Number of protein chains: 4
Amino acid sequence: MSSIFGTLFRVSTWGESHGGGVGCVIDGCPARLPITTEEIQVELDRRRPGQSDIVTPRQEEDKCRILSGVFQGKTLGTPILVAVDNKDARPSAYTEMETMFRPSHADYTYQTKYGIRNWEGGGRSSARETIGRVAAGVVAAKVVRTLHPSYEVVAWVKSIHDLSSEVDPATVTVSQVDATPVRCPDPKVASAMIDRIKEVRSKGDSVGGVIECVIRGLPPGLGEPVFDRLEADLAKAMMSLPATKGFEIGSGFSGTTLTGSQHNDAFVIEGGKVHTATNRSGGVQGGISNGEPVLFRIAFKPTATIAKVQQTVTVEGEAAELAARGRHDACVLPRAVPMVEAMAHLVICDHLLRQTGQNVLP
Amino acid sequence: MSSIFGTLFRVSTWGESHGGGVGCVIDGCPARLPITTEEIQVELDRRRPGQSDIVTPRQEEDKCRILSGVFQGKTLGTPILVAVDNKDARPSAYTEMETMFRPSHADYTYQTKYGIRNWEGGGRSSARETIGRVAAGVVAAKVVRTLHPSYEVVAWVKSIHDLSSEVDPATVTVSQVDATPVRCPDPKVASAMIDRIKEVRSKGDSVGGVIECVIRGLPPGLGEPVFDRLEADLAKAMMSLPATKGFEIGSGFSGTTLTGSQHNDAFVIEGGKVHTATNRSGGVQGGISNGEPVLFRIAFKPTATIAKVQQTVTVEGEAAELAARGRHDACVLPRAVPMVEAMAHLVICDHLLRQTGQNVLP
Amino acid sequence: MSSIFGTLFRVSTWGESHGGGVGCVIDGCPARLPITTEEIQVELDRRRPGQSDIVTPRQEEDKCRILSGVFQGKTLGTPILVAVDNKDARPSAYTEMETMFRPSHADYTYQTKYGIRNWEGGGRSSARETIGRVAAGVVAAKVVRTLHPSYEVVAWVKSIHDLSSEVDPATVTVSQVDATPVRCPDPKVASAMIDRIKEVRSKGDSVGGVIECVIRGLPPGLGEPVFDRLEADLAKAMMSLPATKGFEIGSGFSGTTLTGSQHNDAFVIEGGKVHTATNRSGGVQGGISNGEPVLFRIAFKPTATIAKVQQTVTVEGEAAELAARGRHDACVLPRAVPMVEAMAHLVICDHLLRQTGQNVLP
Amino acid sequence: MSSIFGTLFRVSTWGESHGGGVGCVIDGCPARLPITTEEIQVELDRRRPGQSDIVTPRQEEDKCRILSGVFQGKTLGTPILVAVDNKDARPSAYTEMETMFRPSHADYTYQTKYGIRNWEGGGRSSARETIGRVAAGVVAAKVVRTLHPSYEVVAWVKSIHDLSSEVDPATVTVSQVDATPVRCPDPKVASAMIDRIKEVRSKGDSVGGVIECVIRGLPPGLGEPVFDRLEADLAKAMMSLPATKGFEIGSGFSGTTLTGSQHNDAFVIEGGKVHTATNRSGGVQGGISNGEPVLFRIAFKPTATIAKVQQTVTVEGEAAELAARGRHDACVLPRAVPMVEAMAHLVICDHLLRQTGQNVLP
């Protein structure tokens, strides 16, 4: 089990969906950063269950407490513990999970790997685990923004099922994203997406989709070749989120059908600075940010836990049928938007600190 | 700069394309593994330049030497240094790189990050850096195979430009892959791919494509949730290779258009063991291998360095035109196949050692 | 700030002396270990303040809660959060610390490093931080003992001020150590030590001393040359405890006055096994355990915070006098005994897991 | 086997005493540092065998080559490989080591841990491994000195056997240390030490001693509580050197006989800056440098390999007698002086980069 992420700005998450609580420890946060639980709560509220009628109705306020590392409103440079209680756990809805494996869920692999699992809910593989990431992401974002005021990360739902939107990464804002509960800033498509989610949910089914994310205002020079390339660390960060199946940056998979002369981003001088005329690189070249917006997409599969009857096996190896109860998202993407942003902040903040630490010579 | 990969089985690569040489140090390799330079050479020969008429004609034998960590043909448990000399370097072909940035290459970002760069060739961002990875991959693979004899990794060129092949991941073999110089085990498509590469090269252009890779014979239980999920570490490993723009596992991006009931892999009992009826999960659930084949794809962009004239800027910020000389691959994918396999071996070997170390209790 | 210790069995401590609480996250604990808060409480009670009349009278029950990672009494293989509240904090006793630096304490260096510090108590440099270590040590010890039942770690107070005891490391037990509140298993010397502590305390002064520790039942083969030698990691672990000034293993500093022929431990066969006739090596050779008892000593300086008037400076750089109030140990050694044992457990457990992970080949 | 040291400035050493060579890879060295093989050679010459008539006569020039990471005399920010060939290896002098374990050497523990060992010399436990450390130390020192020009580390032989010197840490220089081959800057004692080494050597025996080391010109604020305290990382660094048995900083073990009021370092203002009137802390408080000289001592045991006949056992478990041949130092301390300095540089440089990376906020 490895629940620690980062080299200098290190986040350690803890907690199961049905246990004492969930949260994180942030180790290596720079000192003297003003931070409040209210700032963290804003993002926790964006990911919490029960926030709209298209997400799981589990009622969790997800109110966070800071138990260490902050003194008189500022970080001490010491570990910051953020904790959120589990309040609306209902293990009774999971009794069949004790003996059966949910198809495409983590039940079987956890059982096989650990020889034990907390079957009262999703355990460690629950999306509740991401509370610690989102909380830490708020702190990371503020560190970066303090040094680079124009820094911002905006993620949105690009597609759900076969419904796809067109969004301008150069201008899209968080308030546009949050204007609808589905977090797609294209209003017409958003409306169709909401209908689609309700429709599949009514059938006991679920849908997936693609989240797109842009990092703007990032200085050039971040990313540590060769293994800790910026896109490699972003890929790992995003693929560590539950339900992810793919990551692409810039031109991604579709760029493979271009020739080099079509694909290359010509360098130009704009306003006295080096820029690229296009951005098929997605803001990263040779593993290092080039100052252009970093643009990437993440594929999320349809939620594994569904009410429809499915074929599965029991812990004892008997064939069985399972119709999941419990409260689940029929589509994880709306709530995954703040998770994606949080992971981006964690990667960027850590790389900013690393680059500062290694670029010390005059 | 971070050139170390892995937690227990740790590989550190070193070297620039035009310098004293390239190679790796393997730290944490289990003791008593029989290993020879000949075994390593097999894979180095699969990635070396000059191996066919569709790859760069740079003449490098890439003969490797082992300077430490092996005694009387067996690993000592101590660091293994593998070194390969640079012999056919021609810095004279790169003189214009001293003052100009190649579009979509690493020249500009290295200059910006480090304030200095080895412009005599690709420097650290050269594909020569992967020699160390391929060498270490041979050692990693042999460790895993010693413990799991049916373990094997096969990668192949799935598509180049708009030419796409269909290959059966369950049965494809390395000898089928290596039957053509383009490493696509679908002979008809392979032939078209070879023609396409020659065609774009004759125009001073380049092409990209997709590599697919399967890991067979992997035991269940590998992968360390939540941050070091197997797919997250595979994504990082692959996205750390030069020219990569995307990674997907199992159903990947196309799986986002299915519903949960269509996408979920039902559990079944086959031969007394738990299996899944389908494998849209790609062999990984909840970040942990489930015993099915691990199947993933990587997008490689078209080679950035092309002979065609391109618009760029100089180090001094003046607009300029660049027509690259030097010897370059018009398509990196044939030589990237052993790199992908090597990175898969490094990830799997490290996770196997970690799981063994953490699963100690009866 | 780096509050994470270990490679596979990783402990992250958090908390200040005057804040929401203190504790730890254990990441990488093997699954299926039976563990209860009661077992942890035993060791927390050995280190808690107020346990006798020779330690600080701060009243803290130090009752621990486990918030994650344990299910139905067994570890899940997921992060284990252990939390202890701060209950008897009295920041009013520290008001002068806001403006003055305690001589030989961490006030000045924390202020200089971080530009901020929690002056309401010892902050992060308080001995309360070690609660997380002691809790994690209990878990680590149980992992090791499950695999090596004869494994045990016993530490004791060897000397205080100029009072020194003679204790047989081969036979000394925890109950002998705990027989007196000063934790010196030599009753006569213990009695003199208690008198000495009371005497210096009555004068507003403090004393230091030496703790000796033996690890018995350790298998050979633990320790990872060259940088993670067992004695190097033990040295780091012990020197990371508050108030430590020295570490020596086996013959230590006094062994430097012997010749090689006097110092070397001859190998002999006893009971069919390789042993050493003497143990000046202290159980470690070449950085690796040799199966003999590991024996080491740690120097603890006299407590820095004393009631006597001392010369110091203010935050503004003015000369000042300080007579500390607050509740402090006049001698930290009795309470440091379980801390030393805990750090030994953390080192041994991590090395046991590492060796298991790296020694996988037949 | 863990041969990597450091968090941002990371050194990985490789090589056995009798193999292709030895050296290091430096990963994370800041870019643009001017460095030459000549600068590195100066320190390698201080540690090389055959440098005087009181060290091992093995003839190794230890000429180093830089194979990567340096371009036109400056670091690229990429991994720096430094290699030294093994030239004067004489495995024939070690044939009995194939079947016998040298008392108090690493033969037995390596065999037990790895099930294999390079018996043709000291293998990985040879002092030749430290060549990589010394080379990396030169680079690390230059990084620190570029930013803090008054930074310097001076180590010296404080005692050998029962011969002890008095040296002023505030003023001692490297040239004073190097004035005699024994590296004790107290000429009279140095002379006696040289005689003593020759005397024990003539008897087929060996001696140990204590090295003292001072770090001057270090800024305050280095060290990362709680586990990576500066003294903890120095302790680990020094205890990772061959033949070390103890480490103490500042008042060390002798400080345990003082009271707090005697031991505490009063703060005073000198020249407008905060200083301490005394330096029993050894330049570190709360794990963080306070700007005073860092002063520490390391105990080195007498060399294990001696010509005198010793009792031992064979690999098969038979009692045996061993009189070592080969060429060995009768006292390792003169050659250990540059090793101690190198390890100090590695610790300080890494902590300087870490503090820079974490102290980014205004």
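# Reading the chain contacts

Me: Where do I start with chains A and D, and how many residues does each give to their contact?

Reply: Chain A brings 16 residues to the contact and chain D brings 16 residues. Two residues count as in contact if their C-beta atoms, placed from the backbone, lie within 7 Å. Keep in mind that this is a predicted model, where local features need pLDDT of at least 70, side-chain atom pairs count only at pLDDT 80 or more, and totals for chains, interfaces and linings use all residues. Residues are numbered from 1 along each chain as its sequence is written, while chains are lettered from A and ligands numbered from 1 in the order in which they are written.

Me: Which element gives the largest share of the side of chain A that touches chain D?

Reply: That's α8(A), with 5 residues. Helices here are DSSP runs of H or I with at least four residues, strands are runs of E with at least two, and both are numbered from the N terminus.

Me: What about chains C and D: how many residues are in contact there?

Reply: There, 87 residues of chain D meet 87 of chain C. On chain D's side, helix α6 (residues 230-239) gives the largest share, 6 residues. By class, that side has 35 nonpolar, 36 polar and 16 charged residues. Ala, Val, Leu, Ile, Met, Phe, Trp, Tyr, Cys and Pro count as nonpolar, Asp, Glu, Lys and Arg as charged, and the others, Gly among them, as polar.

Me: How do I read the relation between two copies?

Reply: In general, a rotation about an axis and a shift along it relate two copies of a chain. Here, chain D superposes on chain C by a rotation of 180° with 0.0 Å of shift along its axis (RMSD 0.0 Å). The two copies are thus related as by a two-fold rotation axis. The fit is by least squares on the C-alpha atoms of residues with pLDDT of at least 70 in both.

Me: And how do I describe two packed helices?

Reply: You give the angle between their axes and the distance between the axes. For α6(C) and α6(D), the axes come within 8 Å and cross at roughly 165°. The axes are lines fitted to C-alpha atoms, for helices over the stretch in contact, with angles from 0 to 180 degrees between N-to-C directions. α6(C) and α6(D) are therefore roughly antiparallel, a label for angles over 145 degrees. Their contact has 6 nonpolar, no polar and 6 charged residues.

Me: Which residue stands opposite Phe247(C)?

Reply: Phe247(D), in β11(D). The β11 strands (residues 244-249) of chains C and D run antiparallel, joined by 3 bridges; pairing takes at least two DSSP bridges.

Note on methods. Parallel < 35°, antiparallel > 145°, perpendicular 65-115°, else oblique.
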